[in-house]
Amino acid sequence: MRFYLIFATIVSLLFLASCSPAPKDETEKKVDDLLSQMTLDEKIGQMTQICFSEITLNGDKNLDMHPELFRQAILENHVGSFLSGTGPAQKWIDFISTLQKMAVEETRLGIPLLIGIDHIHGANYVDEGTMLPHNITLSCSFDPDVVSRAARVTAIETADLGMSWNFAPVVDLGKNAYWPRLYETFGEDPLVCGILGSSFITTYQDPEHSNPYKLAACAKHFIGYSDPRTGHDRTPAEIPDQILYEHHLPAFVMALESGVKTVMVNSGEVNGIPGHVSEKLLKGLLREKLGFDGVILSDIKDISKVYNEHHGAFSEKDATLRAINAGIDMSMSCNSYLFIDFVKELIAEGKLTESRIDESVKRILRLKFDLGLFDNPYPRNDRLNRMQSDEHLQTAYYLAEQSIVLLKNQENVLPIRDTGQRILVTGFAAHSRKMLNGAWTLEWLGAEEERQPKNMNTLFDALATEFPNSDVSLLEIMPDGTLESEKEYRAAVVASDYVIITLGEEPYSEFKGNINDLQLTEPQKKLAQIAGEYDKKLVFVLIQGRPRLITDIEPLADGILFAGYPGQGGADALAAIISGKANPSGKLSFSYPKHPNHVTPYYHKAFQKNDNLWDFGHGLSYTSFEYKNIEVDLSDDGKQLTLNLDISNSGTIAGKETFLLFFRQEKGTITRPVKKLFHFGKIELQPGETHHLNHVFTPSEIFVYPDENNNQIFEPGSFTIMAHGLEATIDLP
Ligand code: GLC
């Protein structure tokens with residue numbers, strides 16, 4: 001059966017290719033024609049990406065032009081791509097227009113530039129951009145439509161400014177709670193990362209939203225970057241092939257299947273080989289096994305770092321040779337032209353062939369043609385009113401509202417009724433925009449308050465608006481959580497009925513967020529401990545990029561909300577949930593550890609206990625849901641399995657429920673996880689309404705796992721399907 005399907009597919013593809021006019025061929029002809037005219041210097045320049053900070057007046061990202069440096073980069077070094085700046089929309093437009101005009105009108109062949117940016121949570125490097133929730137927040141919605149809406153707003157606000165290449169989404173697996181980039185991921189589950197990552201890519205690259213421009217997304221960081229042994233960013237990872245294939249690979253495969261145009265490489269090292277020189281992972285796995293023929297981009301300065309930091313090459317030139325031989329097309333050299341020199345020398349020494357260079361240059365030119373840059377290289381400023389439009393701000397609110405997780409609600413402390421309550425709001429993020437938007441907001445580490453979007457509520461603002469009939473007061477805490485006056489704090493707590501404490505982490509990026517202790521900081525715990533001494537209703541609001549340990553203060557809280565970094569609409573969404581105007585529907589996309597030395601994702605093995613504060617998939621609602629009547633039926637030919645399950649809203653208000661379907665393979669040649677997510681969805685139910693879930697699938701396609709050679713293994717035996725505590729077991733022959 002399987003062979004037949006593949007054969008049929010090949011035949012139909014060949015037929016289609018022969019009859020439909022393939023724009024692909026036209027592009028290929030243009031690429032070949034242009035390539036044939038290029039000098040070696042021009043070719044190598046196309047493989048080089050330079051940071052704007054290298055060509056601006058003050059050597060920073062603030063887009064102040066330095067025409068002489070522009071000329072040196074574009075006319076002398078033939079650089080074909082630039083990245084990373086920050087500023088107002090018009091300044092972006094002027095800057096990129098000047099650069100493009102120089103490339104298109106003053107160079108010999110007029111090849112337009114490819115401008116890259118990290119718009120990972122909205123158009124976050126544009127002053128007028130709508131700052132959306134970060135991925136860890138969005139992932140708790142378990143809703144591809146939520147991520148698609150984020151991608152749409154980002155695409156609309158990015159496209160006109162001339163930034164055709166977005167270094168997003170991260171599809172690394174967020175399985176290491178210490179890792180400082182967990183908040184950039186869609187959580188610890190491979191399927192969730194794959195489905196949400198693909199949703200971003202599909203929408204972001206859909207020209208409907210960016211018309212007349214076309215945009216490229218970038219699946220990053222291939223592969224095995226997110227589980228460094230120490231939890232510190234870019235430090236060595238020890239990942240057996242079987243784990244790499246079972247955990248880290250699926251999301252990248254789904255990203256490629258969604259047509260992602262580019263891939264960025266892992267800056268770390270896997271099993272002793274730096275990602276940027278891994279022929280096994282780039283050429284062998286990404287290119288040959290997965291068939292990716294798009295542009296592979298290095299991460300920042302990472303080819304030279306193979307030598308300078310990983311000590312995994314014998315010179316920068318050696319690193320350059322190995323990176324290109326591994327399959328890298330473009331070097332994000334950022335602030336050095338050495339890559340160009342090394343490549344020229346390697347060719348002169350016969351160590352590198354021009355035909356290998358041509359392979360990469362063709363991919364780059366093909367991408368530029370695909371993006372329509374030869375026809376339409378210039379930005380435009382006639383639609384800037386779309387930035388932070390009411391629609392986009394409403395979307396920012398909606399995304400946060402759909403993603404915030406109600407972790408604890410003892411005696412229904414939430415929602416709070418607006419009946420003359422005395423509500424104290426405190427903690428490091430109580431009256432801050434910067435803390436809610438997180439890092440990568442106008443600056444790498446998050447811009448200071450005065451540069452944050454003005455039309456955005458802080459949590460205090462939002463609560464004061466949400467509770468007009470109550471007395472909402474603010475006691476500000478230092479950004480690191482320390483108290484200026486314990487006496488004043490105690491007095492404020494005593495004078496309140498409810499104490500809402502924001503706890504978590506100030507924004508951080510990459511290695512700046514390395515920690516050696518997952519515990520929440522002591523000054524912040526002290527806020528909770530002091531408040532806990534009084535008989536008040538205590539609510540924690542967690543604003544953080546990873547699950548900081550709060551085990552010892554958790555009992556003090558009556559209610560706990562997780563918001564991650566919820567963005568420009570985050571405060572309003574939190575206030576709406578706290579007041580009951582919105583019913584929370586988020587669920588944890590990661591396991592929330594209870595102990596510092598016991599941090600493991602939910603798909604742990606049988607011979608390992610898993611004791612979390614909250615499990616993957618945990619999230620409460622103001623209503624209640626009941627799961628009943630789970631049934632599994634195998635078709636007579638054993639090829640199809642039908643799962644039936646009833647999910648009811650047994651409460652008194654409408655609510656959304658994410659259902660998670662797991663399976664367990666009882667025994668396996670390679671030990672199997674205690675459970676593995678294989679399907680999920682989100683449904684809205686009115687009080688008393690029941691959703692009859694009917695899910696049909698092919699066991700031999702779902703109940704499989706990769707061995708150490710990435711061969712898919714299906715082993716007949718006993719399989720148990722689980723949903724919200726219900727189980728149904730089936731024996732497969
Ligand atoms: C950073 C990050 C990468 C980002 C790139 C450009 O170091 O690792 O995710 O896209 O540099 O800013």
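**A parallel three-stranded sheet and the largest pocket**

In this predicted model, strand E6 (residues 262-265) is joined to E9 by parallel pairing over 3 bridges. Within this pairing, Met-264 has Leu-297 of E9 as its bridge partner. Both strands belong to an open sheet of 3 strands, ordered E5-E6-E9 and paired in parallel. Strand E5 (218-222) and strand E9 (295-297) form the edges, each pairing on one side only. On average, neighbouring strands of the sheet are turned by 25° against each other when direction is ignored.

Two helices are associated with these strands. Helix H10 (residues 241-257) lies across E5 and E6 and runs at about 155° to E5. Helix H11 (residues 280-289) packs on the sheet, where it touches E5, E6 and E9, and its direction makes about 140° with that of E5.

Helix H10 also contributes to the largest pocket, supplying 8 residues, the largest share of the lining. This pocket has a volume of about 850 Å³. Its lining comprises 28 residues, among which Pro-250, Glu-701, Ile-702, Val-704 and Gln-712 lie nearest the pocket centre. Two or more lining residues are given by each of helix H8 (190-204), H10, strand E22 (676-685), helix H22 (699-702) and strand E24 (705-706). In terms of residue class, the lining consists of 18 nonpolar, 4 polar and 6 charged residues. Domain 1 (30-377) and domain 3 (625-732) each provide at least three residues to the lining of the largest pocket.

Definitions and conventions
Residues numbered from 1 in each chain as written. Predicted model: local features only at pLDDT ≥ 70, side-chain atom pairs only at ≥ 80, totals over all residues. Heavy atoms only, no water. Pairing = 2+ DSSP bridges. Helix = DSSP H or I, 4+ residues; strand = E, 2+ residues; numbered from the N terminus. Axes fitted to C-alpha atoms, helices over the stretch in contact; angles between N-to-C directions. Contact = heavy atoms within 4.5 Å. 1 Å grid on protein atoms, 1.4 Å probe; cavity = no way out; pocket = protein on both sides within 12 Å on 5 of 7 lines; lining within 4 Å. Points joined across faces, edges and corners; volume = space filled by probe spheres on them. Nonpolar A, V, L, I, M, F, W, Y, C, P; charged D, E, K, R; others polar. Domains from an automatic or database assignment.
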